[in-house]
Amino acid sequence: MKRAFLALWVFGGFSAVFADEFFISKIEPLLKQRCLECHSHEKKMKGGLTLDSRSGWEQGGDSGPAIVVGKPEESLFIKMVRWSDDEHQMPPKEKLPSAEIALLEEWVKRGAPDPRVMVKKRPTESDWWSLKPLVAPRMPEVAGVDHPVDRFIRARLAERKIMPSPEADRRTLIRRVMFDLHGLPPSHAEVEAFLAETEGPSDHQTGGQSDKEKDSLLSTHPIVSLSAYERLVDRLLESPRYGERWARHWLDTIHFAETHGCGHDLPRDHAWRYRDYVITALNEDKPWPRFVREQLAADVLFPGEPKLIAALGFLGAGVFDHSAYQTARTNFDYLDRDDLVTQTMGAFTSTTANCARCHAHKFDPISQDDYYALQAVFAGLIEGDIPFDEDKTVAQSRKRWQTLLTAAEAKDKVVLLNPENTALVSAWEKTQGAPVKWSPLGYESFISAEGSSLKRTGDTLLSSGAKPDKDSYIITSSVPLTKITALRLDVLADPSLPMKGPGRQDNGNLTLSEIEAQLFDPGAAQPVKLKFTRATADFDQQGWTSAMAIDGNAATGWGIHPAVGVSHHAVLEFTEAISIQPGARLTLTLKQLSGKSHLIGSFKLSVTDEPAVRAAAMPTLAQEALKLPADQRSEPQRLTLAAHALHIRADEEMKKLPGPALVYAAAKKADVLLAVSKGTPTTIAKAKTVQVLKRGEFDKPMKEVVSGTLSAIQALPARFEKAHISDESARRAALAEWLADEKNPLTWRSIANRIWHYHFGRGLCDTPNDFGRMGGTPSHPELLDWFACELRDHGGSLKHLHRLIVTSATYRQRSEHREDAAKLDGDNRLLWRMNRLRLDADSYRDFVLAASDRLDPALGGPSERQFVTGPPVQLTPTLNYDAYDWSALPKHRRSIYRFVWRGVPDPFMDALDFPDLGMLAPARGFSASALQSLALYNNRFVLHFSGELGKQLITPEEAVRRILLREPTAEEKTNFTTFAQKNGLAALCRVLLNSNEFLFVN
């Protein structure tokens, strides 16, 4: 019996091993080759199906389990690979070979053996480095080392018995730190002055600090003699060039560009104001928490500083899918918010929250609920041009008069009848005087575009006969005055009209969609189109006001329902007084486009030359009120008169104010750009409902979510219950406060690591936008935490971090390779030398301009468009960068002020690895290719400015000084002279601009 049991056990175990071997050798390679690209956790999960583990096919996708063990005929997986019907064919592009299908069938028949187990590695907030509470670690004690950064670095090097590299020479240091902090080279004169500068004592570490900050700093930063290098660092950080350089890093991180991207890549003419905001904020060393709050919610958190509205350009930094916005609004909403969630959480917290869109994050403690709660934060926004006042006084005035306009339109008794505004009404009454005199127009022709019959009786025109769905009346008249300031349209009740009119619709209503005016002067080649500035009426239908008849939108207009059966009038004021020459003719087009025969029935037209402000149409109740002493007026009369008078006063005051600035951003109200340089006013009246989507599919909503953020940070609330039921801006403010909180470890670690990344070319964690399990782990975790605490505990000053880094011995090391150290730390993660970095695209371009003395130092303003624009394709203009004339301007601005077109990149900058800003670019790529070499040597930009530089030089020595910032060696002098004599100095400049010494910063 024992022998039988042993045999059975051995046979069963052997059989299981054989089955696993069959899967591993035959089936797993087939699945990897044919299936996992679309059905795995690491790639895609099409149809919700994964085939990278046994549990994946057991659970199946949207259609249920994929395999019925032992029964290939009943297995959906086998049916699909057989291509049994047109709707179930996998892989979809090409059917598998018969031999491979037979293998899969045999596998299922054998019981579908599959030893793969899906190991869940999602960390919790307590077992992953980035989520742990941020506590300043103890600083290592290293003999003879005082600088805090060096203590951490030297301690790790000592563990591996690696010696640091010696300090770089001064020429190398000034070039390195200037490119690092400014993105610009020093001049040859600046290099020589730095080499000659002597040291002097100064209270460097405690200068400009409070007593409390000094005490704190002195514990780790003893007073030292301020060297020439340290003085240089301070000068560089105080220069406005610092903000220009480091703004570029932030703009990369949030994929800011000045066009929509996607298929209809429209330009955003006002996006540059956000770029200028970032530059200014960095130059002012704005505390990081404040910087975070302003970009997400400046409008609600800092209402007294209107110029900060430009900071909301952060919310409009990403792409805008014009086509989806027009044709698939639900899809657009979810995908647009997805981009904003990805940008916000990647930039501020280095997390990949967007990976939880279709299912709970597979590796990090981020649930689908967390992801859609973040989407709900942004559910009340629309992207477009947003007006704001840069001057605080102007903003206050605009707010006051706009509030009065709103109150007048809403007939707000509390506001309109308060003592201050009652005094304004009384003052307005004193200016009224005699009634305005109106002069009838002399009709010469009047026609209907759609076949209605227009007949004149005296000054009145009556429409009858055919009653089209829509119509336009065109009236040409002589003008009885030498000057006109306003036009009056009377729509008249008439017994021949339905309900006595004044409209032809069955209910007596009408809609004047738009009114256009053209003046034909005698002998003129073409008419002058006249513009209206304001429209008023004695009665406005709710939602259909006289102002809508001049708003340029054919879908709106003036209506008079339910006040039908009586006459009404509207007054349209011209933008400026119009001079009328003898013999001139005025043509008016009354467009009635709302449909259902909402046409004007009987009407007359007249003009006045009196001040337009006195001509405004007055409601009947207001007219009655003016005929009575103030103390005998009823409340409705007083309220109507106040609304009329205060509307006029507020409108006048608003016109006196300078026009607001515009920034491309996102808010509750914005002008959405749907055509080149043309916005469509859009308002999101109420934040949209956001629901968790099953597997991220738009047509499978499950439950509504409350706005919020990541639950993994347990020290802070994850849901914004109170803010959620308030205005949408409260949600953004809540997220801003969550991000900026000193207890949020992700925010402080993220920016500390990002600063380090740009100084050394790689962060302490080498995935600056992913602090999760699929990202990197810090090479020096204690240093990263110390650095983050240093930023948090010293006012959020980025310049403080810069000083700490660039004054460290670690930063000042030479960059030469050392074989002994490389054997122990080949990729220099422990920083035994300084990394040798190539100039990025922006720095290369700026250096070329600086070397040729063609760099314009002007700060701020609209971007320079260095391309020629051609006819559009699908609304996207065609761009020709090669056709741009570099000699058109005497000098050109820094690369930060270059207009960056998202979908049509500059080929030269593209060759130098300028990022694709359709995506986030937390780290720029590095490439070295033949195409790059050709661009650097033959691009028109390099050719032009090499030529410009060559014209300014007399000797090859001058070229070396300008470009390499040093004197040539004796051998170089001989060789360069020979080359220049044969090919010219411009050709020598091209060679030097392509040299490794120029391209790389040691």
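## A five-stranded sheet

Let's start with an open sheet of five strands in this predicted model, ordered β3-β6-β12-β8-β9 with antiparallel pairing. Strands here are DSSP runs of E with at least two residues, numbered from the N terminus, and two of them pair if DSSP finds at least two bridges between them. Because β3 (442-448) and β9 (528-530) stand at the edges with a single partner strand each, one side of each has no neighbour in the sheet. From one strand to the next, the twist averages 20 degrees, with axes fitted to C-alpha atoms and angles running from 0 to 180 degrees between N-to-C directions.

At the β9 edge, β8 (residues 514-520) joins β9 in the antiparallel sense over three bridges. There, Ala517 stands opposite Leu530 in β9.

## The whole protein

Stepping back, the protein has 35 helices and 24 strands; helices are DSSP runs of H or I with at least four residues. Its C-alpha atoms fill a box of roughly 110 × 95 × 65 Å along the principal axes. Of the 1002 residues, 54% are buried, meaning under 20% relative accessible area with a 1.4 Å probe, protein chains only.

Among contacts (heavy atoms within 4.5 Å) with a separation of 6 or more, 72% come from residues 24 or more positions apart.

## Surface

The protein exposes about 44,800 Å², and carbon and sulfur atoms supply 54% of that area, computed by the Shrake-Rupley method with a 1.4 Å probe.

## Reading the values

Residues are numbered from 1 along each chain as its sequence is written. Local features need pLDDT of at least 70, side-chain atom pairs count only at pLDDT 80 or more, and totals for chains, interfaces and linings use all residues, while side-chain values use heavy atoms, leaving out hydrogens and water.

Terms used:
Buried means under 20% relative accessible area, exposed over 50%, partly exposed in between (1.4 Å probe, protein chains only).
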